[in-house]
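Please read the following report alongside the sequence and the model. The text moves from single residues to ring pairs, cysteines and enclosed space.

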Amino acid sequence: MFSYFKKFVSYYRPYRASFALVLAVSVAASCISLTYPLFTRYITDTLLVDPLPGAAGRILLTGFCMLLLLAVQTACDYWQDYRGHAVGAQIECDVRKELFAHVQKMSFRFFDEHKVGGLLTRLTDDLLWLAELYHHGPEDILISLTRFLGASAILSFINPRLTLLVLAFLPVMTAFVLFFSARMRKAIRQSRDRISEVNGQVEETLAGIRVVQSFVREGYEQKKFDRSNRKFLESRKRIYRAEAVVYQGIECFTRLITLSVVVCGGLSMLHGWMKLGDLLSFTLYIGYLTDPIHRLMNTIELYQHGLSGFDRFLELMSLQPEITDPSDAAGPQKLEGAFAFRDVSFSYGGGQPEVLKNLSLQIEPGETVALVGPSGVGKTTFCSLLPRFYEASGGSILLDGQDIRTLPLTTLRESIGVVQQDTYLFSGSILENIRYGRPDASEEEVIAAARQAHAHPFIMDLPDGYQTDIGPHGLRLSGGQRQRLALARVFLKNPPILILDEATSALDNESERMVQRSLEELCRGRTTFIIAHRLSTIRSASRILVLSEGTVAEEGTHAQLLARGGLYARLYGMDGERVALG
């Protein structure tokens, strides 16, 4: 519990001076507000009941003093409201930055198991409540304490007996609030989980809207969304039901206290134990005594929402990245590209069978290796282990004689260029997307890379050339155009190791022929791994690895494997036109 509190409070540290000033100003404004009933008592009992000479002037002077105090209080309230929210927003920004940086360090396995929509909820909605908690939590407690103690002291001075009567209600009110608000915590946490499910459903459906519409599955997706949305609604109803009970209970207690003060105060006035001004002051101060209970309820709700978000934040932060740099990570500035697999095994976990089993092989620098085999045999998994997108379950992979787990991730991944079948581009211009792998590249270098990828002609046909905005994920471009931009990005990066995962699958025959010549040039002198479904991209490979049942079933050149008449030959002969493999 202490470590939890320490972690929560640690985010105040950079802003402790500003926040301390916010709290001090809040206390000052609360103290000023305590004086208004006293001014009312002074005017009623001193200036009206038993008028003094010049009473009218004294009333005007008293009103002027109250006006000055009101101006000061308003200025204090404005400043603490603005600066308090600003500090809360700054802390929210810091927490979101820390969480986003942490999520970016997670391995592919993490994103296999978590929906983007759910992660988005944790980065946005959860942290909005957290910002409110950081601002209002300590402030509301301090303001409530100031007003309660101040009002109690003043009322005890005016009439101790009536003060005890009022204070007797407060423990009952507090117990009532705590009892019913305790039921809200679970409902609030469930509501957070439910909205994550809704966001995940929305993100998944909208990301695949083209598939949804092409298969006319809008009704099916609507039903899925309705189920998630209905669950979220039910969780919100449980929260509102508990809130209604608590808030109306507080209002009932407040009215009961006011009624008691009016009746008991009236009887006291009849017996001469109390003046009219004292009764008015008591009535006005009831709000100062019950306001902490109202604030307690608001604070509890705020704490439940905010701490629910903080719990989910810590839950995500507690998940350590599966793939990290060792403390003594070191490696050469330039890698040659010699790989050695030593009894490498891999499984996606969750009881799934091993995709790779005790795989051992040696790959020389500059060698072009093609990976073939039936779908699902582990070709993409094999390549994903090289840049450590996934970590091998067993065995080791050496690069230039050094275990890749001892290399800095930055060094390893900067040395590997990847072009995948599912091309991903970012919103922005063509220039920004090609330059993504080398932000310091000049425009001339970007254009040269685009020429190598045979992307320059279609780019120049666009209205704004290299400054053309390609829209979300590059959806304003065709599949072939997006693939050529991805290739240009790798040309610009110019790494010593290449992974081409069906890199020309979205190109037509003419474009593929042009890009293939560029790829052959790019592959020259580099260690290259090719996963392809067209023979034209692998026939010239220096070695072909045929994967089957988690291991290398066959290896050799295209001609050697055909001559053997084994698995490769069967795969080759499955398509009459000899254009498909896996």
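A370 is found in strand β3, which covers residues 368–372, and in this predicted model the residue counts as buried, because its relative accessibility is 0% and buried means under 20%. Although A370 and D440 are 70 residues apart along the chain, their C-alpha atoms are separated by 32 Å.

A second separation concerns T504, which is found in the loop between β7 (497–501) and α18 (509–523). This loop residue is buried, with a relative accessible area of 5%. Between T504 and A75, which are 429 residues apart along the chain, the C-alpha atoms are separated by 66 Å.

**Loop residues with positive phi**

Two loop residues, D400 and E549, deserve a look at the backbone. D400 is found in the loop between β4 (394–399) and β5 (402–403), and its phi is near 55°, a positive value in a residue other than glycine. E549 lies in the loop between β9 (543–548) and β10 (551–556), and here too the residue is not a glycine, yet has a positive phi of about 55°. As for accessibility, D400 is partly exposed, with a relative accessible area of 29%, whereas E549 counts as exposed because its relative accessibility of 68% is over 50%.

**Aromatic pairs**

How many aromatic pairs does the structure hold? The count is 19 aromatic pairs, and two of them are described here. In the pair of Y11 and Y134, the ring centres are 6.4 Å apart and the planes stand at 75°, so the arrangement is edge-to-face. This pair links distant parts of the chain, since Y11 is in the loop between α1 (2–10) and α2 (16–33) while Y134 is in helix α7 (residues 125–158), 123 residues apart. Y11 is buried, with a relative accessible area of 9%, and Y134 also counts as buried, at 1% relative accessibility.

The pair of F341 and F382 is stacked, because the ring centres are 4.7 Å apart and the planes are at 10°, an angle under the 30 degrees that the term requires. F341 lies in strand β1 (residues 339–346) and F382 in helix α12 (residues 379–385), so the pair ties together parts that are 41 residues apart in sequence. Both rings belong to buried residues, F341 having 2% relative accessibility and F382 a relative accessible area of 0%. The two pairs are set out below.

| Ring pair | Distance of centres | Angle of planes | Arrangement |
|---|---|---|---|
| Y11 and Y134 | 6.4 Å | 75° | edge-to-face |
| F341 and F382 | 4.7 Å | 10° | stacked |

Y11 and Y134 also belong to a cluster linked by ring pairs, whose members are Y4, F8, Y11, Y12, F19, Y134, F310 and F313.

**A buried histidine and its polar contact**

H456 has its place in helix α16, which covers residues 456–460. At 13% relative accessibility, H456 counts as buried, and its side chain is joined to that of Y466 by a polar contact of 2.6 Å.

**Cysteines**

The structure holds zero disulfides. For C76, the nearest cysteine sulfur is that of C31, and it is 10 Å away; a disulfide would need the two sulfur atoms within 2.5 Å, so C76 is in no disulfide. C76 is buried, with a relative accessible area of 15%. Another cysteine, C93, is partly exposed, with a relative accessible area of 46%.

**Enclosed space**

Rolling a probe the size of a water molecule over the atoms shows where empty space is left. How many cavities of 30 Å³ or more does the count give? The count comes to one cavity of 30 Å³ or more, and the largest cavity has a volume of about 50 Å³. The residues that line the largest cavity are L385, Y390, E391, A392, S396, I397, D403, I404 and R405. By residue class, this lining divides into five nonpolar, one polar and three charged residues. Two of the lining residues also fall within elements mentioned above: L385 appears in the lining and is the end of helix α12 (residues 379–385), while D403 appears in the lining and is the end of strand β5 (402–403).

Definitions and conventions:
Residues are numbered from 1 along each chain as its sequence is written. This is a predicted model: local features need pLDDT of at least 70, side-chain atom pairs count only at pLDDT 80 or more; totals for chains, interfaces and linings use all residues. Side-chain values use heavy atoms; hydrogens and water are left out. On a 1 Å grid over the protein atoms alone, a cavity is a set of points where a 1.4 Å probe fits but cannot get out, and a pocket is an open set with protein on both sides within 12 Å along at least five of seven lines; lining residues have an atom within 4 Å of a point. Grid points are joined across faces, edges and corners, and a volume is the space filled by probe spheres set on the points. Ala, Val, Leu, Ile, Met, Phe, Trp, Tyr, Cys and Pro count as nonpolar, Asp, Glu, Lys and Arg as charged, and the others, Gly among them, as polar. Buried means under 20% relative accessible area, exposed over 50%, partly exposed in between (1.4 Å probe, protein chains only). Rings of Phe, Tyr and Trp (its six-membered ring) pair if their centres lie within 6.5 Å; planes under 30 degrees apart count as stacked, over 60 as edge-to-face and the rest as tilted. Helices (H or I, at least four residues) and strands (E, at least two) are DSSP runs, numbered from the N terminus. A polar contact is a pair of N or O atoms within 3.5 Å; within protein, one must be able to donate a hydrogen and the other to accept it, and residues adjacent in sequence count only if both atoms are side-chain atoms.
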